[in-house]
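Me: I would like to go through the labels on this model one by one. For each, tell me which value earns it.

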Amino acid sequence: RSNCCSKKFINLNLLMLNLKRIIEILISAQIIIISSFIPFFISIPYPKKTFSTFDIPITWQVPSIIIITLIFNGKIVIKAFSLYLMIGLFFIPVFHQGGSLGYLLTPNFGYLLGIYPLIKIIDNLNKKHQKINYFDFLRYGILAISSMHLIGIIYSCIQIMYFKQSELLLYNISKYSLGKFGYHLLTLLPITLLIKIINNKKSQK
């Protein structure tokens, strides 16, 4: 009887653990989808209590993925991001500029693939440091964003070589990397405000 009860207890714990992971994956996937449609902008105050808003040509998706990787873990976010890609390619156009299998032919898809090494690098930061300091976060964050853009550039180069459109190489790199890389680095700054909260959450586990 004691063995039977212990097995049931273990099975119940495994079921609860799996349910918790499924919920985390679904929450992460929802955040990834929603953040892909939220534009990033900066409001600058002026005299006479007026504000001027500057739209930035990126969304909140990359910083959101960095945040949920720090909160959960890389395995959860990779599964959530893979689910996001499957939904966008085969079911609903949840990508920033559409969806379907035709999206594979756009330069944007290379940068989506670059999210995988980004998640891995941020997850390494999470595993190596029980308490994350600002310097380490910025160092890993810059490396993660750089790897994402590198994968995007490589993917774009492969496309250009395959379709023999070498005249588009500089245009694609300028539009999708040079035009956005600095802004992606800029998104690391607001995340630093959450580092203390994330550290407190990790210490409570």
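Me: How many salt bridges does the count come to?

Reply: The count comes to 3 salt bridges. Keep in mind that this is a predicted model.

Me: What makes E24 and K20 a salt bridge?

Reply: The closest N and O atoms of E24 and K20 are 2.8 Å apart. The cut-off is 4 Å between a Lys or Arg side-chain nitrogen and an Asp or Glu carboxyl oxygen, so the pair qualifies. Both residues lie in helix α1 (residues 2–35), 4 residues apart, about one turn of the helix.

Me: Why is E24 called buried, and why is K20 called partly exposed?

Reply: E24 has a relative accessible area of 14%. Buried means under 20%, so E24 is buried. K20 has 46%. That value falls between the 20% and 50% limits, so K20 is partly exposed.

Me: How do you know that D123 and K127 meet in a salt bridge?

Reply: Their N to O distance is 3.3 Å. The limit is 4 Å, so the pair counts. D123 and K127 both lie in helix α5 (residues 115–128), 4 residues apart.

Me: Are D123 and K127 buried or exposed, and why?

Reply: D123 has 6% relative accessibility, which is under 20%, so D123 is buried. K127 has 57%, which is over 50%, so K127 is exposed.

Me: What makes D136 and R139 both a salt bridge and a polar contact?

Reply: The side chains of D136 and R139 meet at 2.8 Å, N to O. That is within 4 Å, so the salt bridge label holds. The polar contact between these side chains is also listed at 2.8 Å, and the limit there is 3.5 Å. Both residues lie in helix α6, 3 residues apart.

Me: Why is D136 called buried, and what does D136 touch beyond four places in sequence?

Reply: The relative accessible area of D136 is 8%, under the 20% limit, so D136 is buried. Its partner R139 has 43%, between the limits, so R139 is partly exposed. Not counting residues up to four places away, D136 touches L125 and H129. D136 and L125 are 11 residues apart in sequence and 7.7 Å apart in space, C-alpha to C-alpha.

Me: What makes T69 buried, and which residues is T69 in contact with?

Reply: T69 has a relative accessible area of 0%, under 20%, so T69 is buried. T69 sits in helix α2 (residues 61–71). Leaving aside neighbours within four places, its contacts are G74, V77, I119, I122, D123 and N126. D123 is also the residue that pairs with K127.

Me: Why is the pair F95 and Y103 called tilted?

Reply: The structure holds 8 aromatic pairs. In the pair of F95 and Y103, the ring centres are 4.7 Å apart, within the 6.5 Å limit, so the rings pair. The planes stand at 40 degrees, neither under 30 nor over 60, so the pair is tilted. Both residues are buried. They belong to one aromatic cluster with F81, Y84 and Y116.

Me: How do you know that L101 can join a nonpolar surface patch?

Reply: L101 has 47% relative accessibility, so L101 counts as partly exposed. Patch residues need over 30%, so L101 passes that test. M86, F90, F91, I92 and L101 make a patch of about 570 Å². L101 lies in the loop between α3 (74–90) and α4 (108–113).

Terms used
Residues are numbered from 1 along each chain as its sequence is written. This is a predicted model: local features need pLDDT of at least 70, side-chain atom pairs count only at pLDDT 80 or more; totals for chains, interfaces and linings use all residues. Side-chain values use heavy atoms; hydrogens and water are left out. Patches are made of residues with over 30% relative accessible area and no salt bridge: like charges are joined within 9 Å, nonpolar side chains (Val, Leu, Ile, Met, Phe, Trp, Tyr) within 5 Å. Accessible areas come from the Shrake-Rupley method with a 1.4 Å probe; for residues, only the protein chains shown count as cover. Helices (H or I, at least four residues) and strands (E, at least two) are DSSP runs, numbered from the N terminus. Buried means under 20% relative accessible area, exposed over 50%, partly exposed in between (1.4 Å probe, protein chains only). Contact means heavy atoms within 4.5 Å. A polar contact is a pair of N or O atoms within 3.5 Å; within protein, one must be able to donate a hydrogen and the other to accept it, and residues adjacent in sequence count only if both atoms are side-chain atoms. Rings of Phe, Tyr and Trp (its six-membered ring) pair if their centres lie within 6.5 Å; planes under 30 degrees apart count as stacked, over 60 as edge-to-face and the rest as tilted.
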